[in-house]
Amino acid sequence: MSSPAPSLSLPKGVVVKGALAARYDEILSHDALAFVADLQRRFNETRKRLMAVRAERQKRFDAGETPDFLAETKHIREGDWKVAPIPADLQDRRVEITGPVDRKMIVNALNSGAKVFMADFEDASSPVWANMVEGQINLRDRWAGKIDFTDATTGKAYKLRDKPAVLIIRPRGWHLPERHIEIDGEIASGALVDFGLYVFHNAKASLAQGSGPYFYLPKLESHLEARLWNDVFVAAQTALGLKPGTIKATVLIETLPAAFEMDEIIYELREHMAGLNCGRWDYIFSFIKKLARNKAFVLPDRSQVVMTKAFLRAYSLLLIKTCHRRGAFAMGGMAAQIPVKNNPEANAAAFAKVKADKEREAGDGHDGTWVAHPDLVPVATEVFDRLMPQPNQLDKKREDVNVGRADLLEVHEGTRTEAGFRENIRVGVQYLEAWLRGRGAVPIYNMMEDAATAEISRAQIWQFVQYGVEVDGGTKVSAELFKRCMPEEMERVRGELGAETYDKGRFPEAIQLFSKLSLAPEFEDFLTVPAYAKLG
């Protein structure tokens with residue numbers, strides 16, 4: 001983009017601190033920023049109050065309390081109600097692909113053969129200012145019919161095919177700021193910025209093309225946080241002249257407290273509800289984090305925390321039962337595997353793993369699933385076409401499922417090993433280093449990792465260190481062991497990546513931050529919050 005940076009016409013009380021580049025004024029227009037500012041003024045105090053409620057609840061968990069179903073909302077769980085009708089283009093969601101909002105990814109994902117593309121401003125994107133604004137430009141271009149482009153480096157042309165995937169946007173969670181925009185002297189909510197800019201620019205264009213403003217909502221911890229989103233949707237629809245219920249949302253159940261409030265979350269968003277999704281990696285992280293101070297809930301190595309057992313099995317079955325009772329879709333979890341180049345055996349093994357996972361999901365009654373790489377779309381599609389010939393499985397009520405509190409808190413059996421501890425160090429640091437360079441979806445050891453992976457790694461290390469967990473039946477994990485392993489594992493990573501690549505990266509910063517968070521006396525809620533201060 002060689003044209004001169006634009007200047008902005010700003011509404012009263014709005015300051016944009018991020019650098020401007022070509023076309024930024026199209027997204028950061030006076031009216032769009034006024035729309036975002038109105039949302040912030042109306043809803044940010046509630047958002048901050050709910051974040052304080054989260055913190056208070058965490059103190060109770062730290063003191064030994066465990067989550068439970070809410071007594072005061074029993075009537076909602078037992079009531080006979082359904083969600084509003086779901087649009088035609090969301091009736092068949094058998095395979096959804098996810099990824100960041102860069103232009104190439106958007107075109108490739110929309111063309112991948114998946115039914116849905118979740119364009120992600122959250123865990124698969126590093127919230128560098130340019131990533132966030134250019135992502136909005138790219139999505140606006142998709143609805144304007146201008147997404148086609150030629151890669152300046154390779155000369156390859158990218159062109160949107162007929163019948164692309166349905167587009168769903170994931171804004172940032174309630175906890176994340178957008179520090180490049182200030183409203184009345186206060187840093188803007190990342191969630192309201194991402195949602196507000198997208199819906200302002202694209203709601204009517206998407207509706208005109210037979211789709212609509214669809215969203216994936218991350219990191220919710222309670223039905224009150226869902227109620228806040230509902231209030232935001234209603235306000236946005238009114239301001240933009242949209243019919244009530246136009247905006248549709250799928251909520252990721254990726255926090256432990258949310259699993260105990262699935263009915264209530266659906267109920268709060270019932271006019272806007274499209275479904276729930278098993279956000280499995282973040283859910284594991286949340287399970288560790290919420291119960292981090294409780295020695296009874298130390299998990300085995302990450303590789304042994306599988307969907308077929310214990311709390312993960314219970315929560316996925318409860319999600320299907322809950323959604324289908326209410327007429328909402330139950331989406332399965334992420335297959336993060338990516339093709340293994342130059343190793344057909346390893347590649348076949350990875351794809352077999354994906355196939356088995358998707359067969360479990362389709363067999364259990366999920367209405368669709370997630371993949372991280374276009375090459376997995378045919379693998380997942382074949383499974384769902386075979387086991388779900390109809391558009392969805394809403395008729396599969398799963399009334400045989402009876403999941404209680406103890407089931408949702410059942411810890412996986414398994415071993416804790418030094419090899420697993422060391423792998424957490426390697427994976428966590430490598431992800432964080434890429435994130436600091438502006439990349440949020442990162443291939444590591446043939447898996448497409450996002451922020452959840454680094455969070456699980458860091459949370460497990462923190463918990464192992466806190467409790468002096470014994471690994472391999474003898475060695476006690478300690479801060480000293482971590483400090484000894486870190487340089488050894490970074491030397492291994494340097495060998496794997498090559499010295500030149502490693503030395504050019506941001507590994508010193510990543511190591512320092514990852515070490516600080518892993519050994520901190522108090523558990524930091526999200527590593528992306530302190531890491532955000534180091535971004536452009």
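Is Asn230 buried or exposed? Asn230 is buried, since its relative accessible area is 13%; buried here means under 20% relative accessible area, exposed over 50%, and partly exposed in between, using a 1.4 Å probe and protein chains only. Keep in mind that this is a predicted model, where local features need pLDDT of at least 70, side-chain atom pairs count only at pLDDT 80 or more, and totals for chains, interfaces and linings use all residues. Residues are numbered from 1 along each chain as its sequence is written, and side-chain values use heavy atoms, with hydrogens and water left out.

**Overall picture**
- The protein has 20 helices and 17 strands, taken as DSSP runs numbered from the N terminus (helices H or I with at least four residues, strands E with at least two).
- A compact globule of 536 residues would have a radius of gyration near 24 Å, and the protein's 22 Å agrees with that; the radius is taken over C-alpha atoms, and the globule rule is 2.2 Å times the number of residues to the power 0.38.
- Measuring along the principal axes, the C-alpha trace spans about 65 × 60 × 50 Å.
- Of the 536 residues, 61% count as buried.
- Take the contacts (heavy atoms within 4.5 Å) between residues at least 6 apart in sequence: 77% of them join residues at least 24 apart.

**Surface and charge**
- About 20800 Å² is exposed, with carbon and sulfur atoms supplying 52% of it; the areas come from the Shrake-Rupley method with a 1.4 Å probe.
- There are 72 positive and 74 negative side chains, and the centres of the two sets lie 2 Å apart. Lys and Arg count as positive, Asp and Glu as negative, while His and the chain ends are not counted; each charge is placed at NZ of Lys, CZ of Arg, CG of Asp or CD of Glu.

**Helix α7**
- Asn230 sits in α7, residues 223-240, and beyond residues up to four places away in sequence it touches Glu268, Leu269 and His272.
- Ala226 is in α7 too and counts as buried at 0% relative accessibility.
- Setting aside neighbours within four places in sequence, Ala226 is in contact with Leu220, Ile265, Glu268 and Leu269.

**Helix α13**
- Buried residues of α13 (377-387) include Val377, Val379, Ala380, Thr381, Val383 and Phe384.
- The buried residues of α13 pack against β2 (95-99), α12 (344-364) and β13 (368-371).

**The β7–β8 hairpin**
- β7 (177-183) and β8 (186-189) pair in the antiparallel sense over four bridges; pairing needs at least two DSSP bridges.
- Two residues separate β7 from β8 in this hairpin, and Asp184 in the turn has a positive phi of about 55°.
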